[in-house]
Amino acid sequence: MRNNRYFVYKEVTAMSKETLFEKLGVKYIEKDGIFYPLITSGGEENSTDVGKYGCMWMDYIQKEYPQRYRSLVRFGELYDKAAEVNKVAYELLEDIENEWLRKHKPKHANSFVEMYRLRTQARMIAEEVVLYDVVNCFY
């Protein structure tokens, strides 16, 4: 009888020590008398807007470099890195478009159709460069 009390006391003191998950603020859920930590990969609950090029980059990394993708998901860095890629892509896109439009002036300054054609060409060229140099790259 005495050993049984000692065992219960030892079990209670062992359970009263704070675990690493508890120190980090992880919540637990009880199922069938066992406590399981609620751990998520962060990808489902992340509200970071990664944008068009961020999504394209995530698809590229997932298909071409699955180990890197899993590593970024595991450490919760995927959405931050994708948002960074999106930001860099749009900055480069804008710079390329502005440079191209500066070099290619319209013959008729008031012509909507000509300006539209020039802007469309600039966007197509810039997007091709952005996809090759920023989106489809390993980070």
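Helices here are DSSP runs of H or I with at least four residues, numbered from the N terminus. With that in mind, select Arg119, which lies in helix α6. This is a predicted model, and the tour will come back to Arg119 after a look around.

**The whole chain**

Start by showing the protein as a cartoon. You can pick out 6 helices and 2 strands. Following the sequence from its beginning, the elements come in the pattern α-α-β-β-α-α-α-α. Switch on a surface next: the accessible surface comes to about 11,100 Å², and carbon and sulfur atoms account for 55% of that area. Of the 139 residues, 20% count as buried. As for how the chain meets itself, take the contacts between residues at least 6 apart in sequence: 59% of these join residues at least 24 apart.

**Helix α3 with helix α5**

Now select residues 51–64, which form helix α3, and residues 78–103, which form helix α5. Their axes are 7 Å apart, and the two helices pack at an angle of about 125 degrees. Are they parallel, perpendicular or oblique to each other? Angles from 65 to 115 degrees count as roughly perpendicular and those over 145 as roughly antiparallel, so α3 and α5 are oblique to each other. Their crossing is right-handed.

To see the contact itself, show side chains on both helices. From α3, colour Gly51, Lys52, Tyr53, Gly54, Trp57 and Met58. From α5, colour Leu78, Tyr79, Lys81, Ala82, Val85, Asn86, Ala89, Tyr90 and Leu93. Sorted by class, the residues of this contact of α3 with α5 are 10 nonpolar, 3 polar and 2 charged.

**Helix α3 with helix α4**

Keep α3 on screen and add residues 66–74, helix α4. Here the axes are 5 Å apart, with a packing angle of about 120 degrees. α3 and α4 are therefore oblique to each other. On the α3 side, select Trp57, Met58, Ile61, Gln62, Lys63 and Glu64; they meet Pro66, Arg68, Tyr69 and Leu72 of α4. The contact of α3 with α4 has 6 nonpolar residues, 1 polar and 3 charged.

**Helix α3 with helix α6**

For the next stop, select residues 112–135, helix α6. The axes of α3 and α6 come within 11 Å and cross at roughly 50 degrees, and the two helices are therefore oblique to each other. α3 passes α6 in a right-handed crossing. Which residues meet here? Lys52, Tyr53, Met56, Trp57 and Tyr60 come from α3, while Glu127, Val130, Leu131, Val134 and Val135 come from α6. By class, the contact of α3 with α6 has 8 nonpolar residues, no polar ones and 2 charged.

**Two arginines on helix α6**

Finish with two single residues. Zoom in on Arg123, which is also found in helix α6. Arg123 counts as partly exposed because its relative accessibility is 35%. Leaving aside residues up to four places away in sequence, Arg123 touches Leu93 and Glu97. Try drawing a distance from Arg123 to Leu93: they are 30 residues apart in sequence, yet their C-alpha atoms are 7.6 Å apart in space. You have already coloured Leu93, as part of the α5 side of the contact with α3.

Last of all, return to Arg119. Is Arg119 buried or partly exposed? With a relative accessible area of 49%, Arg119 is partly exposed. Draw one more distance, from Arg119 to Asn98: their C-alpha atoms are separated by 9.4 Å, and the two residues are 21 apart along the chain.

Conventions: Residues are numbered from 1 along each chain as its sequence is written. This is a predicted model: local features need pLDDT of at least 70, side-chain atom pairs count only at pLDDT 80 or more; totals for chains, interfaces and linings use all residues. Side-chain values use heavy atoms; hydrogens and water are left out. Axes are lines fitted to C-alpha atoms, for helices over the stretch in contact, and angles run from 0 to 180 degrees between N-to-C directions. Angles under 35 degrees count as roughly parallel, over 145 as roughly antiparallel, 65 to 115 as roughly perpendicular and the rest as oblique. A crossing is left-handed if the near helix is turned anticlockwise from the far one by less than a right angle, and right-handed if clockwise. Contact means heavy atoms within 4.5 Å. Ala, Val, Leu, Ile, Met, Phe, Trp, Tyr, Cys and Pro count as nonpolar, Asp, Glu, Lys and Arg as charged, and the others, Gly among them, as polar. Buried means under 20% relative accessible area, exposed over 50%, partly exposed in between (1.4 Å probe, protein chains only). Accessible areas come from the Shrake-Rupley method with a 1.4 Å probe; for residues, only the protein chains shown count as cover.
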